Amino acid sequence: MKDAQGYIPENTETIVLSKDEYNTFLNLQTENEYLKHELDKLKRMIFGSKSERFVPSDSSQLSLGLEGIEEEKKEEAETQSITYTRNKPKNKEDVGHSRMPLPAYLPRVDHVIEPEENTEGSKKIGEEVTEVLDYKPGRLFVQRYIRPKYALPEDKGIVIGQLPSLPIPRGNAGAGLLSHIIISKYVDHLPFYRQVKQFKREGVDIAESTINGWFSATCRLLSPLYDTVKNKILQSDYLMADETPIPVLTEDKPGATHKGYIWVYFDPLNRMVLFDYRKSRSREGPTEILQNFRGKLQTDGYEAYTIFEKQNGITLLACMAHARRKFDEAKDNDKPRAEHMLKLMQGLYAIERKARDAGISHEERYVLRQDDSLPILNEMEAWMKDNIMQVLPKSAIGKAIAYTLNLWPRLIRYADDGRCEIDNNIIENAIRPVALGRKNYLYAGSHEAAERTAMMYTFMSCCKINNIEPYSWLRDTLTHLPDTKISLIDNLLPNNWTPGPPDGECTLP
């Protein structure tokens, strides 16, 4: 065995291995690298930072050759003295503060405080106004619809005012309350049983079964709107797709949960999202949803999507962020190789950031990628093909290179269309509320409940990406949907909706 300098120490016994022993040695070395990588991933998951931000270890590339200038400035700073003159305030009361003014759109409640002294005959010379931001918890109230009855003269019958359409026919829950319950669960991640406790503190005892019944009825009302979102999204020619698990209670597994999946489809051009629940992670889910889809489909490297590579009219794109993550995980295994690829990918993302900051068109972004991104992509491909045979297949760096090369035709297709993104991080951000919700309500009560959950996440995510306040949209939609013709239902979609004057508001003291 050679030492660190490459010399064979004296009195060192030479061990000759047979072919089988050598293969066993290589297998053990490969397994050792694999286990070290898995342990590193576990430690990063438990103790490490979740950020994948990459800062090159060679900081000289970021110095732009200014080291000498910086040293000169440092030397000057040691001997330079700076003097200046300012006006000193007379006392502390003359010094203002930097408190930001409160928003002008907030309602004001005025309290006029007169002096305790007798001001009769005095002249008002001004006033001091102090604004204090305050809060009053949400309040339950009752909408009373009083409809007088009239007997028409000459026995022509009895007339009465028509009751407005309610979200739940013959129900006693208004659009505002239903919206508050749904937003609290699917935006603020507050389970129904916790909301029951909140209502009870306000003196109103609502059973959790009642809230579940209201929620089911609301979902039935919103079903046509959900189908409209699905039809609209599948008319696009560029989609992103991803999936995330959701635990579900079923009769098939008493005392345990079934692992269902919510599949997410995002249309970045029209800013619409579809959440679709399926009982498994098999390819049947996306195959059924996308059976009539034609266009570009951007996904991660999950095998279920490979079937679309052979489907006429569909072109698969991959996610550069997933490939980058593999090399980020390989830094502890082979730092020089991992950092080399991370630097190249950093250059690709710098080009995308440049295009985004400049606000250029899709056509201009295509030209920019052809000029600047393609040379980097070609360099990455050549480097990986040269290094794939120099690393252990089961090592972290070996897996990173193999994963990226396997998806390479899909990874570089974004450069051929200025409309496409370099990765599908946008859809991963849309999935994040599902993960937050799982930690709070833990599971869906049934497969039907999971389908209703997918419906609500669809609407809430559409509101989020279109900068729509979800409570206002949902309250307005539940108010008008019962009387909306199916031909006009598109106007209620979050990306088409415009706020109108509130209906049925109640001014409370």
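**Close-up views of a predicted model**

**Figure 1. Lys156 and Glu154 form a salt bridge, with their closest N and O atoms 4.0 Å apart.** Before going further, keep in mind that everything shown here comes from a predicted model. Glu154 sits in the loop that runs between strand 1 (149–151) and strand 2 (158–160). Is Glu154 buried or exposed? With a relative accessible area of 70%, Glu154 is over the 50% cut-off, so it counts as exposed. Its partner Lys156 has a relative accessible area of 60%, so Lys156 is exposed too. There's also something to look at in the backbone: phi of Glu154 is positive, near 60°, and Glu154 isn't a glycine.

**Figure 2. Here's another loop residue with a positive phi: Arg271.** What is the phi value of Arg271 near? The angle is near 55°, and once again the residue is something other than glycine. To find Arg271, follow strand 4 (257–267) to its end and look in the loop before strand 5 (272–278). Arg271 has 39% relative accessibility, which lies between the 20% and 50% cut-offs, so this residue counts as partly exposed.

**Figure 3. Step back for a moment and take in the whole protein, with its 14 helices and 7 strands.** The protein has 509 residues, and 35% of them are buried. Its accessible surface comes to about 33600 Å², and carbon and sulfur atoms account for 52% of that. How do the contacts spread along the chain? Take the ones between residues at least 6 apart in sequence: 65% of these join residues at least 24 apart.

**Figure 4. Thr458 is a buried residue in a helix.** Thr458 belongs to helix 13 (residues 447–465). Its relative accessible area is 0%, which is under the 20% cut-off, so Thr458 counts as buried. Which residues does Thr458 touch, once those up to four places away in sequence are set aside? They are Tyr226, Val229, Val273, Leu274 and Phe275.

**Figure 5. Lys394 and Glu33 are 361 residues apart along the chain, but their C-alpha atoms are separated by just 7.1 Å.** Look for Lys394 in the loop between helix 9 (362–387) and helix 10 (396–406). Lys394 has 47% relative accessibility, so it counts as partly exposed. Leave out the neighbours within four places in sequence, and Lys394 is in contact with Thr30, Tyr34 and Lys399.

**Figure 6. Leu39, Leu42 and Ile46 make up a nonpolar patch on the surface.** How much accessible area do Leu39, Leu42 and Ile46 have together? The three add up to about 290 Å². Take Leu39 as one of them: you'll find it in helix 1 (residues 19–47). Leu39 has a relative accessible area of 48%, so it counts as partly exposed.

**Figure 7. Glu127 and Lys124 form a salt bridge in which both partners are exposed.** The closest N and O atoms of this pair are 3.3 Å apart. Glu127 counts as exposed because its relative accessibility is 60%. Lys124 has a relative accessible area of 65%, so Lys124 is exposed as well. How many salt bridges turn up in a search of the whole structure? The search finds 19.

**Figure 8. Asp328 and Lys331 form a salt bridge, their closest N and O atoms 3.2 Å apart.** Is Asp328 buried or exposed? Asp328 has 2% relative accessibility, so it counts as buried. Lys331, at the other end of the bridge, has a relative accessible area of 22%, so Lys331 is partly exposed. Elsewhere in the model, Asp237, Lys296, Asp417 and Arg419 are joined into one network by salt bridges that share partners.

**Figure 9. Cys319 and Cys420 are two buried cysteines.** Cys319 has 2% relative accessibility, so it counts as buried. Cys420 has a relative accessible area of 0%, so Cys420 is buried too. How many disulfides does the structure hold? The number is 0.

How values were computed. Residues are numbered from 1 along each chain as its sequence is written. This is a predicted model: local features need pLDDT of at least 70, side-chain atom pairs count only at pLDDT 80 or more; totals for chains, interfaces and linings use all residues. Side-chain values use heavy atoms; hydrogens and water are left out. A disulfide is a pair of cysteine sulfur atoms within 2.5 Å. Buried means under 20% relative accessible area, exposed over 50%, partly exposed in between (1.4 Å probe, protein chains only). Helices (H or I, at least four residues) and strands (E, at least two) are DSSP runs, numbered from the N terminus. Contact means heavy atoms within 4.5 Å. Accessible areas come from the Shrake-Rupley method with a 1.4 Å probe; for residues, only the protein chains shown count as cover. Patches are made of residues with over 30% relative accessible area and no salt bridge: like charges are joined within 9 Å, nonpolar side chains (Val, Leu, Ile, Met, Phe, Trp, Tyr) within 5 Å. A salt bridge is a side-chain nitrogen of Lys or Arg within 4 Å of a carboxyl oxygen of Asp or Glu.
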